[in-house]
Amino acid sequence: MAENATPLLSVRGVTLRFGGVVALDNVSFDVMPGQIAGLIGPNGAGKTTLFNCLSRLYQPSAGEITFEGQSVLAVPRHKIPMIGIGRTFQNVALFDRLTVLENVMVGRHSRTSAGFVENALRLPSVGREEAAVRVKALELIEFMNLTAFTDRVAAGLPFPIRKRVELARALAAEPKLLLLDEPAAGLNHDEVHTLEGQIRRVRDVQGVTVLLVEHHMSLVMSVSDKVVVVNFGRKIADGRPDEVRQNPDVIRAYLGTAA
Amino acid sequence: MTANWANKRGVGAGALLAWAGLALLPLIGFITENTSFDYYMYMGQSMLIYAIAVLGLNLLIGFNGQISLGHSAFFALGAYTTAILMNFGGWPYWATLPVAAVVCFLAGLAFGFPALKLEGHYLALATFTLAIAMPQLLKYKAIAGWTGGVGGVLLDKPDPPEWTGLSADQFLYYLCLFCAMVLFWLVFNLLRGRSGRAIMAIRDHTMAASTMGIDIARYKTVAFGISAGITGIAGALSAITVAYVAPDSFTLQLSISFLVGLVVGGIASLPGCLIGGAFIVLVQNSAQSISDWMKGTFALRYDVPAWAIYGVLLLALMYVLPDGIAGGCARIRAWWTTRGRREAQ
């Protein structure tokens with residue numbers, strides 16, 4: 001990655017307090033276009049909180065987040081996918097009573113425009129738009145190896161499948177930056193291996209920059225170009241995986257200080 | 001019930017068949033000698049009107065996940081809009097329908113804004129107040145000149161056009177059927193497209209829906225408005241077919257009837273709305289007949305209360321078909337097809 005390239009995502013001095021608790025304390029880092037960046041830290045370090053700031057579920061008390069030079073904090077929550085940020089959730093937030101296909105089609109909401117009246121009258125333009133949405137959704141379902149589940153209702157599906165559906169749904173909006181919140185949680189060894197390939201393909205084939213929160217160290221270390229480590233809401237390290245692994249602060253955060 | 005009902009093969013054919021069947025029913029009037037046929041037609045109108053009201057409520061509760069106990073208020077608003085326009089404006093009955101729809105849509109939209117802050121039980125309570133306030137408001141002295149106060153407004157039943165050769169009740173049945181078909185078609189389209197997916201996504205996971213780019217406030221308020229508008233059309237049709245509106249026809253009990261029709265027919269099911277509409281009319285009537293029959297057959301000294309019979313019927317039905325009649329039919333169908341497959345193997 002060129003040193004002087006402009007970052008896709010830039011987090012500057014982000015601080016978030018919940019009452020007396022400081023969940024994020026002056027966190028700053030950059031994600032370059034085309035990177036896979038890992039955000040790690042012990043439980044309760046503030047990783048998901050930061051994600052929630054990026055997708056506008058939380059409002060930071062201080063700091064600035066810019067995406068392609070534009071302030072993210074000035075964009076309302078539902079416009080976030082329009083500027084190119086997509087995400088998945090730690091607990092997998094699917095639309096349970098919709099099918100896999102419909103879930104992925106909802107992901108295309110931000111790239112389509114038919115309103116209530118056009119839909120109710122089923123104008124020809126709606127038919128065309130729907131057909132295009134369906135084609136795109138089916139493509140992504142195939143990309144994520146979900147074809148066998150296309151018409152299944154999301155509620156009953158096994159957890160690893162649900163995670164893949166969520167990923168396909170996030171990709172449907174054609175994000176430039178994809179936020180993955182613990183994509184490996186609840187997956188077995190083989191499934192994590194598959195996931196690693198999928199994350200790489202998302203970047204290499206779809207051209208999406210990825211920022212992932214993860215506890216699964218071997219996954220983060222092997223897939224990431226860059227790793228940011230937070231602990232107690234503060235950034236304690238930032239760099240290439242091999243650099244971060246040697247960092248004494250990181251070792252202390254994970255293993256505790258010797259007595 | 002699977003969610004992709006709208007895209008299933010056979011949905012169009014099934015719907016067409018059902019509507020054609022309903023359209024043929026009044027023709028029995030030309031061959032039957034039964035003197036109460038016009039009364040049956042009147043019951044048919046009521047069923048269709050309830051079906052439309054349940055359709056409106058289903059859009060809100062079944063598909064969008066917002067509960068309302070206040071839809072009797074929108075029904076009343078629609079009915080009074082029609083009554084006042086016909087009585088004071090001299091409007092033809094058909095021209096009042098779109099006005100009732102718009103008035104109720106706006107009222108629903110306005111109520112949808114405060115409803116944004118309320119969920120679940122709290123929304124139920126807030127809408128409950130609508131239902132109990134409406135009859136009182138309609139009796140309010142200052143507007144009694146328009147609403148007729150406690151006494152309500154008497155209207156003229158519209159005459160069918162000469163060339164149709166239909167009786168008044170056959171004609172009004174067709175009017176209700178036409179409105180029902182148009183509204184079901186519009187809602188069906190709405191639900192199978194982008195707006196429908198957004199409406200259902202909000203029901204299933206509001207936060208995830210907002211991160212998909214769905215404007216929650218907009219979709220929820222508009223869904224509330226459309227729901228109220230549809231129920232308002234049902235109210236307007238009821239004013240036309242009954243030719244009378246009075247405050248005490250629009251109590252909380254009416255809201256509960258809609259809710260019963262919705263649950264019995266099937267939550268988030270469009271055919272279920274028609275079934276629910278029929279259920280509301282049939283079962284409330286048949287509870288009385290069962291009560292009469294029991295008194296006669298068992299030579300009881302006192303009447304068995306009809307509402308107790310209604311309650312037992314409802315309990316039994318919910319026990320046997322927890323996801324409503326439409327849901328039960330879907331399950332029987334699924335069982336039938338898998339059985340066929342098993343035997344083929």
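Which residue is the bridge partner of A:Leu179 in β8(A)? In this predicted model, the partner is A:Leu211, and this pair offers a convenient way into the strands around β7(A) and β8(A). From there the description moves to the other sheet of chain A, to its two domains, and finally to chain B and the interface.

Strand β7 of chain A covers residues 177-181, and β8 of chain A covers residues 209-213. The two run parallel and are joined by five bridges. Besides the pair of A:Leu179 and A:Leu211, A:Asp181 stands opposite A:Val213 in β8(A). With α7(A) included, β7(A) and β8(A) make a β-α-β unit, and this unit is right-handed.

Each of these strands has a further parallel neighbour. For β7(A) it is β6 of chain A, residues 85-87, which is joined to β7(A) by three bridges; here A:Gly86 has A:Leu178 as its bridge partner. For β8(A) it is β3 of chain A, residues 36-40, and four bridges link these two strands. Within that pairing, A:Ala37 stands opposite A:Leu211. A:Leu211 is thus a helpful residue to keep in view, since A:Leu179 is also its bridge partner.

How many of the five residues of β8(A) are buried? Five of the five are, so β8(A) is largely enclosed by the rest of the structure. The cut-off behind this statement is 20 or more other C-beta atoms within 10 Å of a residue's own. Strand β7(A) is likewise mostly covered, with five of its five residues buried.

In a regular strand the side chains alternate between the two faces of the sheet, and it is worth looking at each face in turn. In β7(A), A:Leu177, A:Leu179 and A:Asp181 are buried on one side, while A:Leu178 and A:Leu180 are buried on the other. Both faces of β7(A) are therefore covered, in the sense that a buried residue has 20 or more other C-beta atoms within 10 Å. Both faces of β8(A) are covered too: A:Thr209, A:Leu211 and A:Val213 lie on one side, A:Val210 and A:Leu212 on the other, and all of them are buried.

The helix of the β-α-β unit, α7(A), contains A:His193. Is this residue buried or partly exposed? A:His193 has 15 other C-beta atoms within 10 Å, which makes it partly exposed. The C-alpha atoms of A:His193 and A:Pro33 are 24 Å apart in space, and the two residues are 160 apart in sequence.

Chain A also holds an open sheet of four strands, paired antiparallel in the order β2-β1-β4-β5. Its edges are β2 (21-31) and β5 (70-71) of chain A, each of which pairs on one side only. Strand β1 of chain A, residues 9-18, is antiparallel to β2(A), and seven bridges hold the pairing. One of the residue pairs here is A:Phe18 with A:Val21 of β2(A) as its bridge partner.

At the level of domains, chain A is divided into domain 1 (1-84 + 175-259) and domain 2 (93-173). Their C-alpha centres lie 27 Å apart. Where they touch, domain 1 of chain A contributes 11 residues and domain 2 of chain A contributes nine. On the domain 1 side, α2 (80-83) and α7 (189-204) of chain A each supply at least two residues. The largest share of that side, three residues, comes from α7(A). By type, this side of domain 1 comprises seven nonpolar residues, three polar and one charged.

Turning to the partner chain, the secondary structure of chain B comes to 14 helices and two strands. Its radius of gyration is 21 Å, close to the 20 Å that the globule rule gives for 345 residues, so chain B is as compact as a globular protein of that length. Along its principal axes the C-alpha trace of chain B spans about 60 × 50 × 50 Å. Of its 345 residues, 48% count as buried. Among contacts in chain B between residues at least 6 apart in sequence, 77% join residues at least 24 apart.

The interface brings 26 residues of chain B into contact with 35 residues of chain A. On the chain B side, α7 (168-192), α8 (194-204), α9 (206-211) and α10 (216-242) of chain B each supply at least two residues. The largest share, eight residues, comes from α8(B). The chain B side as a whole divides into 12 nonpolar, 10 polar and four charged residues.

Notes:
Residues are numbered from 1 along each chain as its sequence is written. Chains are lettered from A and ligands numbered from 1 in the order in which they are written. This is a predicted model: local features need pLDDT of at least 70, side-chain atom pairs count only at pLDDT 80 or more; totals for chains, interfaces and linings use all residues. Domain bounds come from an automatic or database domain assignment. Two residues are in contact if their C-beta atoms, placed from the backbone, lie within 7 Å. Ala, Val, Leu, Ile, Met, Phe, Trp, Tyr, Cys and Pro count as nonpolar, Asp, Glu, Lys and Arg as charged, and the others, Gly among them, as polar. A residue is buried if 20 or more other C-beta atoms lie within 10 Å of its own, exposed if 12 or fewer, and partly exposed in between; C-beta atoms are placed from the backbone. The radius of gyration is taken over C-alpha atoms; the globule rule is 2.2 Å times the number of residues to the power 0.38. Two strands pair if DSSP finds at least two bridges between them. A crossover is right-handed if, with the strands pointing away from the viewer, the path from the first strand over the helix to the second runs clockwise.
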